Amino acid sequence: MSKVKNLQGEGVRQLNRSYILKQIREQGPITKIALANYLSLTFAAVSNIVADLVKLNVIKEVGYGESEGGRPPVLYDMNWNSIHVIAVDIGVEHISAAEIDLKARVIEETTVDTQGAPLIERVYTVIDQLLERRTNDSVKIAGIGVSAPGPIDARDGRMLTPPNMEGVSNIDIKYLLEDRYGLTTVLEKDANASALAEQWFGHVTTDEDILYIFNDVGLGGGLIINARVHRGFGNGAGEIGHMAIDIDGPRCNCGNFGCLEALSSGIAIQRRVKEEIRRGYPTTLEEAFVRNEKALTIDLIINHAKQGDQLAKHILDEAGRYLGLGVANAINLFAPDQVIFGGSVTVLYPEMIKIAEHVAKQRTFSPFSERITFAQSKFHKQSNLVGAAAVIQQRLFDYPEGAFFLKVDRVVLSTSVH
Ligand SMILES: [Zn+2]
């Protein structure tokens, strides 16, 4: 029995709906009996949900399975091309938008950088570009999912004041995008969105709890507990980046000292490399540093580490050990089934995951933590984007009664430009 079945009423129905969808996505074509057996649900419960999904055009009948005496059972599969969603990934340096189908395949993608205009204008630009490029108007767009750096107000869909994005303060993303495009919009914190991508489209089964670590410019975390994003009071849960690791540690962009982000993120790695170059530590990165401090990007540091530069390697491995400490603390607190890593630092330098795993497993209390799986995100650099798609898909499948099949109207687009 799955551990989520003790929920009540509508919550159970929503969860069962997402389980059934995931099974059909992975195993389809499939019969109702097979779904009921797979998920330990009653045939009646499966029938109700399948009928809803057929009505919504999300799944369809595709033929008959083998008869076991009586009438042959109907086979169901995803109606893969019935709807697409728009996914938007607001990053510290870039904003991407993509049209994504129910299999998490990217149909079309556009990217702009965040410089030069107010953030919301850049978001409009990237979505407008995406919509202008659409050639297949017969596939409906069902909604917009947005992934953005925290903190956010998830209920109202508002970005608050992300510490690594100067000048961004209280942007009503949900309200503004719904108003402009007439599409249901959901905003989620980047690490939560990525965690949901793993559960919705990745290798995680629906009854596994996961800790997702997004190690990029900054360092964020997301928790999936009982198949749902765990938000906590005021959306404050999952902020592993601001877990205090060193009481006398370096100042973090959040204002505190010794946070995991200040010791293990892209920002931390860049700062450490500069410190050591100034101290005279020999490194092949020195030339780039002398030319232009800003040239010391994470990509460059990782490249040099891979080519054998000892300083780059030493600092990346040090960041990995700190990451392991943070993960050990998180495991002691809620013991997830899986720890999944995304963000450019671990995508470009997967060795860091091995180091973090080694340290984390050494430092945790439970003897069972040895069995916790450590893995890299299935979606590499696109994890936030696919996460944004998962966020809006989950919302649409949870509340299909809402504005589900709105079609983008080009008139709305061209007349509402402010
Ligand atoms: Zn901090």
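Two residues are in contact if their C-beta atoms, placed from the backbone, lie within 7 Å. The model is predicted: local features need pLDDT of at least 70 and side-chain atom pairs pLDDT 80 or more, while totals for chains, interfaces and linings use all residues. Numbering starts from 1 along each chain as its sequence is written.

**Exercise 1. Domains**

Task: State how the chain is divided, and describe the side of domain 1 that touches domain 2.

Solution.
Step 1. Domain bounds come from an automatic or database domain assignment. Domain 1 covers 9-78, domain 2 covers 83-196 + 382-415, and domain 3 covers 205-377.
Step 2. Taken over C-alpha atoms, the centres of domain 1 and domain 2 are 30 Å apart.
Step 3. The contacts between these two domains involve seven residues of domain 1 and six residues of domain 2.
Step 4. On the domain 1 side, helix α1 (residues 9-27) gives the most, with four residues. Helices (H or I, at least four residues) and strands (E, at least two) are DSSP runs numbered from the N terminus.
Step 5. Sorted by class, this side of domain 1 has three nonpolar, two polar and two charged residues. Here Ala, Val, Leu, Ile, Met, Phe, Trp, Tyr, Cys and Pro count as nonpolar, Asp, Glu, Lys and Arg as charged, and the others, Gly among them, as polar.

**Exercise 2. The sheet β5-β4-β3-β6-β9**

Task: Give the edge strands of this open sheet, then the sense of pairing for β4 with β5, β3 with β6 and β6 with β9.

Solution.
Step 1. Strands pair if DSSP finds at least two bridges between them. The five strands of this open sheet follow the order β5-β4-β3-β6-β9, and the pairing is mixed.
Step 2. β5 (106-113) and β9 (185-189) are the edge strands, each pairing on one side only. On average, neighbouring strands here are turned by 15° against each other, direction ignored.
Step 3. β4 (residues 94-100) and β5 run antiparallel and are joined by seven bridges; Ala98 has Glu109 of β5 as its bridge partner.
Step 4. Helix α14 (residues 383-398) packs on this sheet and touches β3 (83-90), β4, β6 (140-148) and β9. The direction of α14 makes about 125° with that of β6, where axes are lines fitted to C-alpha atoms, for helices over the stretch in contact, and angles between N-to-C directions run from 0 to 180 degrees.
Step 5. β3 and β6 are parallel, with six bridges; Ile83 is matched with Lys140 of β6. β6 and β9 are also parallel, with five bridges, and Ala148 is matched with Lys189 of β9.
Step 6. Eight of the nine residues of β6 are buried, that is, 20 or more other C-beta atoms lie within 10 Å of their own; exposed means 12 or fewer, partly exposed in between, with C-beta atoms placed from the backbone.

**Exercise 3. The sheet β12-β11-β10-β13-β14**

Task: Explain why β12 and β14 each have a side without a neighbour in the sheet.

Solution.
Step 1. This second open sheet has five strands in the order β12-β11-β10-β13-β14, with mixed pairing.
Step 2. β12 and β14 (373-376) are at the edges and each has a single partner strand, so one side of each lacks a neighbour in the sheet.
Step 3. Inside the order, β10 (residues 210-215) runs antiparallel to β11 (residues 219-225) over six bridges, and Leu211 has Leu223 of β11 as its bridge partner.
Step 4. Helix α6 (residues 190-201) packs on this sheet, touching β10, β11, β12 and β13 (338-342), and its direction is at about 45° to that of β11.

**Exercise 4. Backbone exceptions**

Task: Locate the cis peptide bonds Gly28 to Pro29 and Gly150 to Pro151, and say why Ser40 and Asn235 fall into their exposure classes.

Solution.
Step 1. Omega is near 0° for the cis bond from Gly28 to Pro29. Pro29 is in the loop between α1 and α2 (32-39).
Step 2. Omega is about 0° for the cis bond joining Gly150 and Pro151. Pro151 is in the loop between β6 and β7 (152-153).
Step 3. Ser40, not a glycine, has a positive phi near 50° and sits in the loop between α2 and α3 (43-55). Ser40 counts as exposed because it has 10 C-beta neighbours inside 10 Å.
Step 4. Asn235, also not a glycine, has a positive phi of about 60°; its loop runs between β12 (228-229) and α7 (261-264). Asn235 counts as partly exposed because it has 19 C-beta neighbours inside 10 Å.

**Exercise 5. The nonpolar core**

Task: Name the residues with the most contacts inside the largest nonpolar core.

Solution.
Step 1. A nonpolar core is a set of buried Ala, Val, Leu, Ile, Met, Phe, Trp, Tyr and Cys residues joined through C-beta atoms within 7 Å. The largest one has 113 residues, and Ala87, Val88 and Ala389 have the most contacts inside it.
Step 2. Helix α11 (residues 310-334) supplies the largest share of this core, 11 residues.
Step 3. Leaving out residues up to four places away in sequence, Val88 touches Ile95, Ala97, Val123, Ile127, Ile144, Val146 and Ala388.
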